[in-house]
Amino acid sequence: MPRKEPATNPATRKKILLVDDHPLMRRGQADLLNREPDLAVCGEAGTAREAMEAIAKLKPDLVLVDMALPDKDGLELIKDIQALHPG
């Protein structure tokens with residue numbers, strides 16, 4: 001079976017939203033993820049409220065969530081995301 005090459009076309013890369021209240025953590029995560037040929041950070045948020053707004057606007061494929069956010073627990077945010085954006 002032929003080896004599948006990673007997606008390098010920007011249109012086929014998985015879009016990731018980073019949610020963390022520490023800007024330095026988001027910057028480091030973004031730098032690492034953007035080095036991957038099939039991943040692209042499409043946005044960042046520092047609070048759960050900002051995350052929900054960014055999800056509605058950016059339509060990311062994946063959301064990387066910090067468990068300790070200033071306005072809501074990360075697990076609660078994930079539940080909210082699943083309720084409003086099933087699938």
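Let me begin with a term we need for Lys59: the helices and strands I mention are DSSP runs, a helix having at least four residues and a strand at least two, and they are numbered from the N terminus. Please keep in mind throughout that what we are looking at is a predicted model.

With that term in hand, we can place Lys59, which sits in the loop between helix 2, residues 48-58, and strand 3. The phi angle of Lys59 is near 50°, and this is a positive value in a residue other than glycine. Is Lys59 buried or exposed? Its relative accessibility is 54%, and because exposed means over 50%, Lys59 counts as exposed.

Let me turn now to Arg26, which belongs to helix 1, spanning residues 23-34. Here the relative accessibility is 13%, and since buried means under 20%, Arg26 counts as buried. If we leave aside the neighbours within four places in sequence, the residues in contact with Arg26 are Leu18, Asp20, Asp21, Glu44, Ala45 and Gly46.

Finally, I would like to look at the largest pocket, whose volume is about 320 Å³. It is lined by 13 residues, and those closest to its centre are Asp61, Leu62, Val63, Ile81 and His85. Which elements each supply at least two residues of this lining? They are strand 3, residues 62-65, and helix 3, residues 74-84. As for the character of the lining of this largest pocket, eight of its residues are nonpolar, three are polar and two are charged.

Methods:
Residues are numbered from 1 along each chain as its sequence is written. This is a predicted model: local features need pLDDT of at least 70, side-chain atom pairs count only at pLDDT 80 or more; totals for chains, interfaces and linings use all residues. Side-chain values use heavy atoms; hydrogens and water are left out. Buried means under 20% relative accessible area, exposed over 50%, partly exposed in between (1.4 Å probe, protein chains only). Contact means heavy atoms within 4.5 Å. On a 1 Å grid over the protein atoms alone, a cavity is a set of points where a 1.4 Å probe fits but cannot get out, and a pocket is an open set with protein on both sides within 12 Å along at least five of seven lines; lining residues have an atom within 4 Å of a point. Grid points are joined across faces, edges and corners, and a volume is the space filled by probe spheres set on the points. Ala, Val, Leu, Ile, Met, Phe, Trp, Tyr, Cys and Pro count as nonpolar, Asp, Glu, Lys and Arg as charged, and the others, Gly among them, as polar.
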